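Let's take a walk through this structure, one piece at a time. Have the sequence and the 3D view open side by side as you read.

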Amino acid sequence: MGKMSEGNKMFISVMVVFIIYAMIFILFEDYDKHFLMPFEETSDWHLLLFSCAVMVGLGLLLHRYAQRMDERISREQANKENQMRRELTQNIAHELKTPVASILGYTDTILEHPDLNDDTRKQFLERTQSQAHRLTALLQDLSTLNRMDYATDLITIERIDVSRIVTEVIKETELAATAKNMKVRNSLPEDIIINGNHSLIYSIFRNLMDNAINYAGEGTTVRIEAQEKLGGWHFVFADNGVGIPAEHLPRIFERFYRVDKGRSRSLGGTGLGLSIVKNAIVMHGGVIQAKPAPGGGLCYHFTLRKFKR
């Protein structure tokens, strides 16, 4: 059965109220009667028929209004989705253009100049490889988002140990964090178990960690905490770095949105990391919010549902 539209919900609600009103004021006639009695006067029947006619007429008007409202909502949603698709297509084309152009530029130079010395040739090949890795990461992120958007039925849900995943992420990013003189304080309780998809839960914490390493700044500290709530877990992922200007916070989860476009690309970001984080959290029944951390930096608050046997 399809989901009931907002217009039909309104129509049914109003009609229920009207029917209750008719039953009280037509069948009982006044407040003094506490049980049904046969109509004694012809005028009572006329009043009942008139009320039924009014109810039918009002119902038809409301139904038509509900249809128009649903049509308007559908048009607005379709226009919004089309606009988002156009913007997404433009952003994808723009993001793909840079690494592809770089790869073609370097390879064309190598092919057109066979007399290049070994050092220059090696440098061009390394840059080509770097751009190829960036292109691969972008395609992987797009594939992940597409899977969450259109193939949720193919995503495997199982028993997930979040504490273990976070420990793995910290170990994998240890070298990069050490290079920035960063510290990671993992205060998660042991055995945080949820119903979820391992790959997507990993993506949440890996993207947040990568963002902190890339943008928080030298010598900062990352803090990871969790508190058990009714029906789920509330996580805090915070750093004491440079933070993000307040005007950008409402948009950082948008696809391809960058606070500093040039700096983000130079660090190899795809512009999709936080979008993956938000979509993965929402898919696991949670919500996420970013806000300035006390004392400076950035703090993410998000929830995930507990494991249900």
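A good place to drop in is just after helix α8, where G285 takes a positive phi of about 80 degrees. Keep in mind that what you're looking at is a predicted model.

Now step back into α8 itself, which covers residues 273–283. Which of its residues are buried? G273, L274, S275, I276, V277, A280 and I281 are. For a residue to count as buried here, its relative accessible area has to be under 20%. The cover over these buried residues comes from several places, including α3 (118–150), α6 (198–215), β6 (288–292) and β7 (298–305).

Two of those covering elements, β6 and β7, lead us to the sheet. Five strands make up an open sheet, in the order β2-β4-β5-β7-β6, with mixed pairing. At the edges sit β2 (183–186) and β6, each of which pairs on one side only. On average, neighbouring strands in this sheet are turned by 15 degrees against each other, ignoring direction. As a reminder, strands of a sheet pair through backbone hydrogen bonds, either parallel or antiparallel.

Let's go through some of those pairings. Strand β4 (residues 221–229) and strand β5 (residues 232–239) run antiparallel to each other and are joined over 8 bridges. If you want a spot to click on, find E225, which stands opposite V236 in β5. V236 is handy for the next step too, since its bridge partner in β7 is H301. That pair belongs to the β5 and β7 pairing, again antiparallel and over 8 bridges.

Carry on from β7 to the edge strand β6. These two strands run antiparallel and are joined by 5 bridges. Here you can look for K291, whose bridge partner in β7 is C299. Together β6 and β7 form a hairpin, with 5 residues between them. In that turn, G295 has a positive phi of about 85 degrees, so to speak a companion to the G285 value of about 80 degrees just after α8.Helices pack against this sheet as well. Helix α4 (residues 162–172) lies across β2, β4 and β5, and its direction runs at about 170 degrees to β2. Helix α8, where we started, also packs on the sheet, touching β6 and β7, and its direction makes about 30 degrees with that of β7.

Next, the charged side chains. Side chains of opposite charge can pair when their charged atoms come close. How many salt bridges does the structure hold? There are 4 of them. One joins R206 to E172, with the closest N and O atoms 3.1 Å apart. R206 lies in helix α6 and E172 in helix α4, so this salt bridge ties together parts that are 34 residues apart in sequence.

R206 forms a salt bridge with D210 as well, again with closest N and O atoms 3.1 Å apart. Both R206 and D210 lie in helix α6, 4 residues apart, or about one turn of the helix. That spacing is a familiar one: an α-helix has 3.6 residues a turn, so residues three or four places apart point the same way.

Are these side chains hidden away? R206 is partly exposed, with a relative accessible area of 24%, and D210 is partly exposed with a value of 24%. E172 counts as partly exposed because its relative accessibility is 45%.

Elsewhere, R251 and E254 form a salt bridge, and their closest N and O atoms are 3.0 Å apart. R251 is partly exposed at 40% relative accessible area, while E254 is partly exposed at 33%. As for E172, R206 and D210, salt bridges with shared partners join them into one network.

For a nonpolar feature on the surface, turn to I12, V16 and I20, which form a patch with about 240 Å² of accessible area together. I20 is found in helix α1 (residues 6–27). I20 counts as partly exposed because its relative accessibility is 45%.

Finally, zoom out to the whole chain. The chain has 8 helices and 7 strands. Of its 309 residues, 33% count as buried. Among contacts between residues at least 6 apart in sequence, 72% join residues at least 24 apart. The chain exposes about 19600 Å², and carbon and sulfur atoms supply 56% of that area.

Notes
Residues are numbered from 1 along each chain as its sequence is written. This is a predicted model: local features need pLDDT of at least 70, side-chain atom pairs count only at pLDDT 80 or more; totals for chains, interfaces and linings use all residues. Side-chain values use heavy atoms; hydrogens and water are left out. Buried means under 20% relative accessible area, exposed over 50%, partly exposed in between (1.4 Å probe, protein chains only). Contact means heavy atoms within 4.5 Å. Two strands pair if DSSP finds at least two bridges between them. Axes are lines fitted to C-alpha atoms, for helices over the stretch in contact, and angles run from 0 to 180 degrees between N-to-C directions. Patches are made of residues with over 30% relative accessible area and no salt bridge: like charges are joined within 9 Å, nonpolar side chains (Val, Leu, Ile, Met, Phe, Trp, Tyr) within 5 Å. Accessible areas come from the Shrake-Rupley method with a 1.4 Å probe; for residues, only the protein chains shown count as cover. A salt bridge is a side-chain nitrogen of Lys or Arg within 4 Å of a carboxyl oxygen of Asp or Glu.
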